[in-house]
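This briefing covers a few local features of one structure, grouped by topic. Please keep the sequence and the model at hand while reading.

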Amino acid sequence: MNPIEMAGLTPRHFHWQVTDRIAVIRLNRPERKNPLTFDSYAELGRTFRDLAHADDVDVVVLASNGGNFCSGGDVHEIIGPLVGMKMPELLAFTRMTGELVKAMIHCNRPVIAAVEGICVGAGAIMAMAADLRLAAPSAKAAFLFTRVGLAGCDMGACAMLPRIVGQGRAAELLYTGRVLRADEGERWGFWNSLHEDVEAAAMDLARAIAAGPVWAHGITKTQLNQEWNMGLDQAIEAEAQAQAICMQTRDFERAYRAFVAGEQPVFEGN
């Protein structure tokens, strides 16, 4: 697939803005604490799949809106209709929600979640699918699936959450559905850091990442995800091959020449 330009994207179900090669996504129903719908799930999934081929986006920030990140699936527009569906329709839906996580993981761009307020259900899953999670002191994460009679194993939660906070802590959150408050979440490693102005901090971090070797960042993201399923010997060999590829880039040469000249390297992503 040829590279595509995405700065001019006009999605229907979320806000989208690209500045200095950083895309900012925010759900656009702040009056309801930004719930997801069938349509927003699908449109977000398509967007992240397209980002893998974007020519004008290096980093993605998933931002909050109206003081909240995401309240999960809309009770009336998703949960209500699901009650009346048969198994084939239900499986099609749960697979679609999982496709959003897979698209985020495979978009080849670092994704930063900037979380304020409510971050629950599928919203907490989206935050986990981001590479980095920054939070405001107001952030409240919860996996509410058991509250509606469902299992905690939703959209990859049982794979991702133990890797972030550990098996025992993940089990507690997934069985109880209790709120993980910001300070506790930082101690557990769920949040990378807390900030009073979390979006500004996320944008600073995004700019720092975008100023780096963005093509090599894509390799880092790929290895971080692929090595979940590798033994150590496999991982070492995979990283040897990946790093040898990166050593062929112009950015590697630029860094060397800048070091010799006593200058800061200017990376161009190639």
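Three strands make up an open sheet with mixed pairing, in the order β5-β7-β8. The model is predicted. The points below begin with this sheet and go on to a buried leucine, the aromatic pairs, two arginines placed over rings and the cysteines.

**The sheet and its helix**

- The edges of the sheet are taken by β5 (118-120) and β8 (180-181). Each of these strands has a single partner, so one side of each is left without a neighbour in the sheet.
- Strand β7 (residues 140-142) pairs with β5 in the parallel sense, over three bridges.
- Within this pairing, V120 has A142 in β7 as its bridge partner.
- Helix α4 (residues 122-129) packs on the sheet and touches both β5 and β7. The direction of α4 makes about 90° with that of β5.

**Surroundings of L62**

- L62 belongs to strand β3, which spans residues 59-62.
- Is L62 buried or exposed? L62 counts as buried because its relative accessibility is 2%, and the cut-off for buried is under 20%.
- Apart from neighbours within four places in sequence, the contacts of L62 are I25, F48, F69, M104, V111, I112, A113, A114 and M126.
- One of these contacts, A114, is 52 residues from L62 along the chain, yet the two C-alpha atoms are separated by 6.0 Å.

**Aromatic pairs**

- The count of aromatic pairs comes to four. Among them is the pair of F38 and F93, which is edge-to-face, with 5.4 Å centre to centre and 80° between the planes.
- This pair links distant parts of the chain: F38 sits in helix α1 (residues 38-51) and F93 in helix α3 (residues 87-105), 55 residues apart.
- F38 is partly exposed, at a relative accessible area of 24%, whereas F93 is buried, at 13%.
- Y41 and F93 form another edge-to-face aromatic pair, with 5.8 Å between the centres and 80° between the planes.
- The pair of Y41 and F93 also joins distant parts of the chain, with Y41 in helix α1 and F93 in helix α3, 52 residues apart.
- Both Y41 and F93 are buried.
- F38, Y41 and F93 together form one aromatic cluster.

**Arginines over rings**

- R133 lies over the face of F190, at 5.7 Å from the ring centre.
- R163 is placed over the face of W228, at 4.2 Å from the ring centre.

**Cysteines**

- How many disulfides are there? The count comes to zero.
- Why is C153 not bonded to C158? The closest cysteine sulfur to that of C153 is in C158, and at 5.1 Å it is too far for a bond, because a disulfide needs the sulfur atoms within 2.5 Å.
- Seen from the other side, C158 is in no disulfide, and the nearest cysteine sulfur is that of C153, 5.1 Å away.
- C153 is exposed, with a relative accessible area of 52%, while C158 is partly exposed, with 45%.

Conventions
Residues are numbered from 1 along each chain as its sequence is written. This is a predicted model: local features need pLDDT of at least 70, side-chain atom pairs count only at pLDDT 80 or more; totals for chains, interfaces and linings use all residues. Side-chain values use heavy atoms; hydrogens and water are left out. Helices (H or I, at least four residues) and strands (E, at least two) are DSSP runs, numbered from the N terminus. Buried means under 20% relative accessible area, exposed over 50%, partly exposed in between (1.4 Å probe, protein chains only). Contact means heavy atoms within 4.5 Å. Rings of Phe, Tyr and Trp (its six-membered ring) pair if their centres lie within 6.5 Å; planes under 30 degrees apart count as stacked, over 60 as edge-to-face and the rest as tilted. A charge sits over a ring if NZ of Lys or CZ of Arg is within 6 Å of the ring centre and within 35 degrees of the ring normal. Two strands pair if DSSP finds at least two bridges between them. Axes are lines fitted to C-alpha atoms, for helices over the stretch in contact, and angles run from 0 to 180 degrees between N-to-C directions.
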